[in-house]
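Got a protein model open and not sure where to start? Let's walk through how to read one.

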Amino acid sequence: MALALLLWLRRPRVGPLRTFRRFLYKKKWATTLPRIPCTKLALRNFDMNYSLQFGDRWPSIRIGLLSEQKYCALINNFAQTEKVIQELELLNAKDFIYESRQRSLALELVIAAGSSPKDERSGCLDVQDEELRPDVPIDGDGARAEHTQTVLLQSSFNYPRIKCYTFSKGDISRFSPARLDSMGRLSHYLMDAASLLPVLALDVQPGDEVLDLCAAPGGKTLALLQMERCRHLTANDLSTSRTGRLHRVIQSYVPRELCAPGSLRITCCDGRDWAEEESTYDKVLVDVPCTTDRHSLLEEENNIFHKMRTKERQSLPMLQLELLIAGLLAAKPTGDVVYSTCSLSQLQNEYVVERAVEVLAVEYGVNVRIEDLSFFRGLFQDTFYFFDGCRVGELVLPHLTANFGPMYFCKLRRIT
Ligand SMILES: C[S@@+](CC[C@H](N)C(=O)[O-])C[C@H]1O[C@@H](n2cnc3c(N)ncnc32)[C@H](O)[C@@H]1O
């Protein structure tokens, strides 16, 4: 009986009814096809592109990306945090910025003592110079000069007033959630420690006028405010809902008087239109939307690899370029811009930076210089794994023992 029914259903048909039934039948098939998860599509895409970009290193980066991310606790300087800091230190967490500063001070002593890097390497002072730049061979005058330059850049780095605790390499302990103090302010903000590097690279000086062009949900804005160096900070984001989150972060961490319009302005505009305003900023942070590689591999929700978002994903490099150009035009001549993404993609990183420099020169007559940040590798090598193959800018690679990043950042200075 069942066979007869099946044969009857599959009998050849003629006329318009046949087309109609076929259409229904096909449609049903299409809707019942298993959907490939966005995370899987992202992994396929990364396997294809990043295995070419990173070669032998890709398997290690891949494991890092697929494993639990590490966080840091950015201490809220505006809250009562003595107890929290004590607890963190008991857990063996270290303020990685303070630790780097201590190393830097040791270097200054070396320089003040007048010893050359060659002397350091021969061990005449108690500095573990091998760790400073293990990748730089010191034989030959050129290499020695380069090493000296790196050491000088490291020692002249202007550390801001930011406290940020991380667990050391290999330690995968977790931080407890932030606590409210008696004034109702939260004790710390959990974020990827590598996200602080673009903020440090911006090197904000007291009295600077600063623009954070894509600011929400606000981790980097909060770090900028913790420094208490900006004369005025403008934090902008296109998304209304994310700007709402930015407002809430600031309310939970920063005293009201520092949020007054004279000190802080939060705007909700398309950053690409910023160029229409005058070039008034000393420092501009352009932390663009990107493929958010870690998120794309782990979360289905709001995933940029969703089929419906293919066009949006493919047009990211163009959006990033337009945002970087707008950021550069918003900076004063001699002003600095830091461009950053949390993607490993060369197309979204170096290519965008190089293209922006060209467009600025050709279309706007504005000259831009890419600044050397390679000394960051030496300063923060105890905390992060840096990639040494970027043409311009620096890239933190995820790694099982120090699972921060990816974080790409590049600093550009307007010459004219
Ligand atoms: C990587 S996130 C920024 C993260 C933020 N800097 C932080 O540290 O928390 C990129 C942001 O760019 C915003 N965005 C996207 N397109 C934009 C545009 N055209 N203008 C300004 N912001 C934009 C997104 O809403 C998103 O919040």
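What follows is a chat between a learner and a teacher.

Q: What kind of model is this?

A: It's a predicted model, where local features need pLDDT of at least 70, side-chain atom pairs count only at pLDDT 80 or more, and totals for chains, interfaces and linings use all residues. Residues are numbered from 1 along each chain as its sequence is written, and side-chain values use heavy atoms, with hydrogens and water left out.

Q: How many helices and strands does the protein have?

A: Helices (H or I, at least four residues) and strands (E, at least two) are DSSP runs, numbered from the N terminus. Here you get 17 helices and 13 strands.

Q: How much of the protein is buried?

A: Buried means under 20% relative accessible area, exposed over 50%, and partly exposed in between (1.4 Å probe, protein chains only). Of the 416 residues in this protein, 48% are buried. One of the buried ones is G378, with a relative accessible area of 1%, and it sits in helix α17 (residues 375-379).

Q: Which residue does UniProt list as "active site"?

A: UniProt positions are given in the numbering used here, feature names are shortened, and annotations may be inferred rather than shown by experiment. The UniProt record, an unreviewed entry, lists C342. You'll find C342 in the loop between β9 (331-341) and α16 (350-364).

Q: Why does C342 count as partly exposed, and what is it in contact with?

A: C342 counts as partly exposed because its relative accessibility is 26%. Contact means heavy atoms within 4.5 Å. Leaving aside neighbours within four places in sequence, C342 is in contact with C290, T292, D293, P406 and M407.

Q: Which residues come nearest to the ligand?

A: A residue is near a molecule or strand if one of its heavy atoms lies within 4 Å of it. There are 22 residues around the ligand, and D237, R242, D270, G271 and D287 come nearest. By type, the shell divides into 11 nonpolar, five polar and six charged residues. For that split, Ala, Val, Leu, Ile, Met, Phe, Trp, Tyr, Cys and Pro count as nonpolar, Asp, Glu, Lys and Arg as charged, and the others, Gly among them, as polar.

Q: Which atoms of the ligand lie 2.6 Å from R242 and 2.7 Å from G271?

A: A polar contact is a pair of N or O atoms within 3.5 Å; within protein, one must be able to donate a hydrogen and the other to accept it, and residues adjacent in sequence count only if both atoms are side-chain atoms. A polar side-chain atom of R242 lies 2.6 Å from a ligand oxygen, while a backbone N or O atom of G271 is 2.7 Å from a ligand nitrogen.

Q: How much of the ligand does the protein cover?

A: Accessible areas come from the Shrake-Rupley method with a 1.4 Å probe, and for residues only the protein chains shown count as cover. On its own the ligand has 600 Å² of accessible area, and the protein covers 88% of that.

Q: Where is D287, and is it buried or exposed?

A: D287 belongs to strand β8 (residues 281-287). With a relative accessible area of 18%, D287 is buried. Its side chain makes a polar contact with the side chain of K220, at 2.7 Å. UniProt's "binding site" annotation, again from an unreviewed entry, covers several residues, including D287 and K220.
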